[in-house]
Amino acid sequence: MADTHSEFEIIDRYFNRPASGAVLGIGDDAALITVPPQTELAISTDTLVCGKHFLADTDPYQLGHKSLAVNLSDMAAMGAKPRWVLLALTLPDHLARHPTWLSEFSQGFGALAAEHDVVLIGGDTTAGPLNIGVQIIGEVPAGRALRRSGAKVEDDIWVSGQIGNAALALQHELHQRTLAPDEIAHCLPALLRPVPRIQLGQRLLGLAHSAIDISDGLLADLGHLLKASRKSGYITMADIPCSGVLKKYLSDSAAVNCLLGGGDDYELCFTAAKTKRPIIQQLAEELAVPLTRIGEIQAGNGLIIKDADGNAMTWETRGYDHFSA
């Protein structure tokens with residue numbers, strides 16, 4: 001089934017919604033927003049490229065969800081409340097004329113936006129290879145945003161949720177390994193419909209010293225945090241939370257790389273003083289989000305991975321690189 005839509009028809013039919021919370025939304029040369037006193041804006045942008053960040057046959061509803069979720073995760077890492085979003089779609093001709101694809105993509109995007117009270121206030125559509133660009137704007141109390149650079153010596157290192165399921169599912173989708181039906185059913189949602197930890201991020205304000213979201217892999221992103229904080233640290237391999245499915249395959253180095261460097265987890269990695277352990281454990285119960293202590297911040301530079309006996313392990317993984325072949 002095909003239909004012909006101009007740029008403005010696509011915007012009006014699939015993406016134009018009432019812009020509550022904004023002075024002016026879609027339909028003018030720019031949107032207008034107001035910012036409460038003593039508030040800072042957190043602003044982030046991500047681009048998803050077909051064939052690089054998602055497969056061409058990815059379900060459009062789930063692609064709409066993920067396109068927003070990866071940006072919401074950036075807000076979570078800063079402890080910000082997401083408020084407004086802009087969407088830039090580059091569409092190949094067959095999708096621009098495909099009302100079902102456009103409808104399902106916009107529904108997936110819109111459902112997650114509604115869940116977090118995020119308003120689509122503008123964007124752009126153009127013709128070309130499928131690319132999805134999202135810019136998100138959030139609010140955070142002035143001077144209180146979580147940053148990568150705040151880690152302190154003897155801080156605990158924590159992660160939320162489970163690590164590695166998305167990367168394991170991607171290996172299956174790329175035919176690099178074969179998972180059983182129940183295994184792929186368990187792992188695939190982490191790849192296609194990640195859950196941004198918005199509420200957790202906001203509750204970490206004043207509790208955590210530093211934070212980052214895990215998008216490029218645990219070692220890579222924790223490495224960014226350590227570099228920004230000018231600290232070193234260690235993590236214990238056995239303490240990194242992962243599913244029973246992934247644990248089953250950890251004798252395989254490719255599966256270990258899912259855990260340490262696979263990326264696409266969109267969980268939070270944060271550091272906090274040891275004295276905050278009871279509060280963090282209580283927060284985990286309150287939010288029903290597993291929070292696991294995996295290591296410690298130390299003076300110096302670099303990151304050490306320890307085995308169960310406390311011995312340093314050697315593991316080379318680069319994490320996700322947007323410009324790798």
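Which residue caps the N-terminal end of helix 10? In this predicted model, the cap is Asp252. One of its side-chain oxygens sits 2.9 Å from the backbone nitrogen of Ala254.

## Helix 10

Helix 10 covers residues 253-261. Its buried residues are Ala255, Val256, Cys258, Leu259, Leu260 and Gly261. Several elements help to cover them, including helix 5 (165-173) and helix 8 (218-229). Helix 9 (244-248) and strand 10 (302-306) are also part of that cover.

Just past the helix comes Gly263. Its phi is positive, about 80°.

## Helix 4

Helix 4 spans residues 99-115, 17 residues in total. From first C-alpha to last it reaches 24 Å. That is close to the 24 Å expected at 1.5 Å a residue.

Buried positions in helix 4 include three aromatic side chains: Trp101, Phe105 and Phe109. Pro99, Leu102, Ser106, Gly108, Leu112 and Ala113 are buried as well. Asp117 follows the helix, with a positive phi near 55°.

## Nonpolar cores

The largest nonpolar core holds 48 residues. Ile132 and Leu204 have the most contacts inside this core. Helix 2 (residues 60-78) supplies the largest share, seven residues.

A second core is separate and has 36 residues. Among them are Ile184 and Leu191. Ala255 and Leu259, two of the buried residues of helix 10, also belong to this second core.

Back in the largest core, what does Leu204 touch beyond its neighbours within four places in sequence? The partners are Leu146, Leu268, Phe270 and Leu283.

Key:
Residues are numbered from 1 along each chain as its sequence is written. This is a predicted model: local features need pLDDT of at least 70, side-chain atom pairs count only at pLDDT 80 or more; totals for chains, interfaces and linings use all residues. Side-chain values use heavy atoms; hydrogens and water are left out. Helices (H or I, at least four residues) and strands (E, at least two) are DSSP runs, numbered from the N terminus. The expected span of a helix is 1.5 Å times one less than its number of residues. Buried means under 20% relative accessible area, exposed over 50%, partly exposed in between (1.4 Å probe, protein chains only). Contact means heavy atoms within 4.5 Å. A polar contact is a pair of N or O atoms within 3.5 Å; within protein, one must be able to donate a hydrogen and the other to accept it, and residues adjacent in sequence count only if both atoms are side-chain atoms. A nonpolar core is a set of buried Ala, Val, Leu, Ile, Met, Phe, Trp, Tyr and Cys residues joined through side-chain atoms within 4.5 Å.
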